[in-house]
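Subject: Structure for you, with notes

Dear colleague,

Please find below the structure that I promised to pass on to you. My notes on it follow underneath, and I would be glad if you read them with the structure open beside you.

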Amino acid sequence: MSTVFIAFQTNEDTRPIIESILADNPHAVLDEQPAMVKINAEGRLVIKRESIEERIGRDFDLQELQVNLITLSGNMDEDDDQLTLAWKN
Amino acid sequence: MDMKTTKKKLGLKEKYAHMTRGLGWETSYQPMDKVFPQATFEGIKIHDWDKWEDPFRLTMDAYWKYQAEKERKLYAVLDAFAQNNGHLGITDARYLNAVKLFLSGISPLEYVAHRGFAAAGRNFPGVGPRVACLMQSIDEVRHAQTQIHALSNYNKFYEGFHAGATHQIERVWYLSVPKSFFDDAFSAGPFEWMIAIGFSFEYVLTNLLFVPFMSGAAYNGDMATVTFGFSAQSDEARHMTLGLECIKFMLEQDPDNLPIVQKWIDKWAWRGVRVLTLVAMMMDYMLPKRVMSWKEAWEIYFEQNGGALFNDLAKYGIKVPECLTQCSIDKEHISHQAWCTFYQYAHASAFHTWLPNAEEMDWLSAKYPNTFDKYYRPRYEQWREMADKGERFYNNTLPMLCQVCQIPMVFTEPDDPTKICYRESEYQGEKYHTCSDGCQHIFDDEPEKYIQAWLPVHQIYQGNCFPEGTDPTAEGFDPMLKVLEWYHIQNGKDNLDYEGSGDQANFAAWRGMATQNT
């Protein structure tokens, strides 16, 4: 199984996003580096709009992720409700 | 962020369909193949362009909104940096030499990428990739601009920032390495460009440049660089998905595309790896505080991440690039070999070099247990001894360059790190030299392309690198000084050792002033 990852800048916007990702993906591993946070996960990682909205208390458009996104790895699929990263092997 | 509306907005998928597919049309005054003349000559067969889908499903309206947000964040930081003497917050002014190399070697590539993606967008008949290329083209010009803006702050205070991104990229010997990479890609067709830049450079390689190095910039207190770096890399995330999508699209469209794509992957993986030698050196030698070694970064971002990618592509019949075996040997050597080269040629470079101190050498020993003490530490100790005796070693002979990657012949044989590696090919009765099996293979496949290379050393010997009106027969003619003049490198200011440089003296003095009132 291969690892997918996503990395964000460390800041106030991304804190609730990272919390949501870790809550929704119990197998994900947090890797904190200077100025950035990287989340690694075996096989697949899902980011859910609803979980982020619960934490920030307002509507959230998943495309807002792009503002603080640093990098990612894996085949991506995004719709209005979730963004998925996966290796299909 | 958005105004509340009562009418339900279009979903992401619907909006993407309207704003891409919905904008295309079949031409009527001219046949489509005349309007898109570059779409077929490379041999790639596409049957249905509508099968192309951007996984981010980004449309122009959303693009402008989020890019504007990124710019506002970035420029707020740059203002704060300038207003608060941010340049005095860095760990050590040696660090700035990595930034000089970035500005001169990488920022101009962003600009060429901007032009290249504009051209690719023009040349693809499919609407999906055209929109994605348009966005990427705008991203790339944004990167060039924000990098130059961010680093212009340093130009007010330090040497060597004045000409890199414009004048020097066209001339200086080591800058021909990144420049020729992009020239090679841009002079290929649109599909090869997508593999070269969209796939190899963006997907497989930029993580190594923009992630651990930028994190390193943060570690060294350089708020300006880390901010533009991460801002740029947020676009790269989109570029990577575009590169990956492009490769899957080509492979799914026609089985005949596989061997062509495989050849390009092999070629561009190796071309990219060679260019990254500069980044390897920046990480291992030029960051006073280090986040991770080049070898560690390579293992995370190339071996693990690239491995996952190639496993995924195996279902299409794609094999891992041929160069991988050599890469896993090279990862323990290239940063040291590159820094040794720049140390010897510090008089001809637009940044300062230095010998690693005792603590730094111990760090390198720990990170490179198989190679550093055996092959490289003795070299630095010898040079240290010579420098202490007032005999600082400079290499005054111009090196032979590889005909393909244009790096001086400094790399060693895969099975013998004490022996310089070079390969020889013959074409139309002339001999050409390359630095490795990888570069030789690329040369032999398209010799008619690479014999046209503008090789800085050859050009110097041919007398093409002196200021206009130079008379090489005049008394006291010094070719090196004339070349530096032509490079716009100020001899004694921009080049030579960091120890004793104006940058070193000024940084110490200004930092002193920042903490005292006298």
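I begin with a pair of strands in chain A, where β4 (residues 44–48) runs antiparallel to β7(A) and pairs with it over five bridges. Please bear in mind throughout that this is a predicted model. Within that pair, A:I47 is the residue that stands opposite A:L83 of β7(A). On its other side β7(A) meets β6(A), again in the antiparallel sense, over four bridges, and here A:M76 stands opposite A:L85 in β7(A). The link from β6(A) to β7(A) is a hairpin that passes through three residues.

Taken together, these strands of chain A form an open sheet of three, in the order β4-β7-β6, with antiparallel pairing. Because β4 and β6 of chain A stand at the edges and have a single partner strand each, one side of each is left without a neighbour in the sheet. From one strand to the next, the twist averages 10 degrees.

Which side chains of β7(A), residues 82–86, are buried, and which are not? They alternate along the strand, so to speak, with A:L83 and A:L85 pointing to one face and buried, whereas A:Q82, A:T84 and A:A86 point to the other face and are not buried. An alternation is also found along β4(A), where A:L45 and A:I47 point to one face and are buried, while A:R44, A:V46 and A:K48 point to the other and are not.

Turning to the contact between the chains, chain A contributes 26 residues and chain B contributes 30 residues. On the chain A side, β1 (3–9), β5 (69–73) and β6 (75–78) each supply at least two of the residues that touch chain B, and β5(A) gives the most, with five residues. Sorted by class, that side of chain A has ten nonpolar, eleven polar and five charged residues.

Chain B itself has 22 helices and four strands, and its C-alpha trace spans about 75 × 65 × 50 Å along the principal axes. A compact globule of 518 residues would have a radius of gyration near 24 Å, and the 24 Å of chain B agrees with this. Of those 518 residues, 49% count as buried. If one takes the contacts in chain B between residues at least 6 apart in sequence, 77% of them join residues that are at least 24 apart.

The largest nonpolar core has 169 residues, and those with the most contacts inside it are A:I39 from chain A together with B:I195, B:L208, B:L278, B:V279 and B:M282 from chain B. Setting aside residues up to four places away in sequence, B:V279 touches B:L208, B:L209 and B:F213. Apart from this core lies another, of five residues, which include B:L364, B:Y368, B:F372 and B:Y376.

Finally, two individual residues of chain B may be worth finding on your screen. The first of my two is B:D494, which lies in the loop between α21 (479–487) and α22 (502–515) of chain B. Is B:D494 buried or exposed? B:D494 is buried, because 26 other C-beta atoms lie within 10 Å, and a residue needs 20 or more to count as buried. Leaving aside neighbours within four places in sequence, B:D494 is in contact with B:E159, B:G160, B:A350 and B:I489. Its C-alpha atom is separated by 5.6 Å from that of B:F351, although B:D494 and B:F351 are 143 residues apart along the chain.

The other residue is B:Y375, which has its place in helix α17 (residues 372–388) of chain B. B:Y375 is partly exposed, as 18 other C-beta atoms lie within 10 Å. Between B:Y375 and B:V261 there are 38 Å in space, taken from C-alpha to C-alpha, for a separation of 114 residues in sequence.

With kind regards

How values were computed: Residues are numbered from 1 along each chain as its sequence is written. Chains are lettered from A and ligands numbered from 1 in the order in which they are written. This is a predicted model: local features need pLDDT of at least 70, side-chain atom pairs count only at pLDDT 80 or more; totals for chains, interfaces and linings use all residues. The radius of gyration is taken over C-alpha atoms; the globule rule is 2.2 Å times the number of residues to the power 0.38. A residue is buried if 20 or more other C-beta atoms lie within 10 Å of its own, exposed if 12 or fewer, and partly exposed in between; C-beta atoms are placed from the backbone. Two residues are in contact if their C-beta atoms, placed from the backbone, lie within 7 Å. A nonpolar core is a set of buried Ala, Val, Leu, Ile, Met, Phe, Trp, Tyr and Cys residues joined through C-beta atoms within 7 Å. Ala, Val, Leu, Ile, Met, Phe, Trp, Tyr, Cys and Pro count as nonpolar, Asp, Glu, Lys and Arg as charged, and the others, Gly among them, as polar. Two strands pair if DSSP finds at least two bridges between them. Axes are lines fitted to C-alpha atoms, for helices over the stretch in contact, and angles run from 0 to 180 degrees between N-to-C directions.
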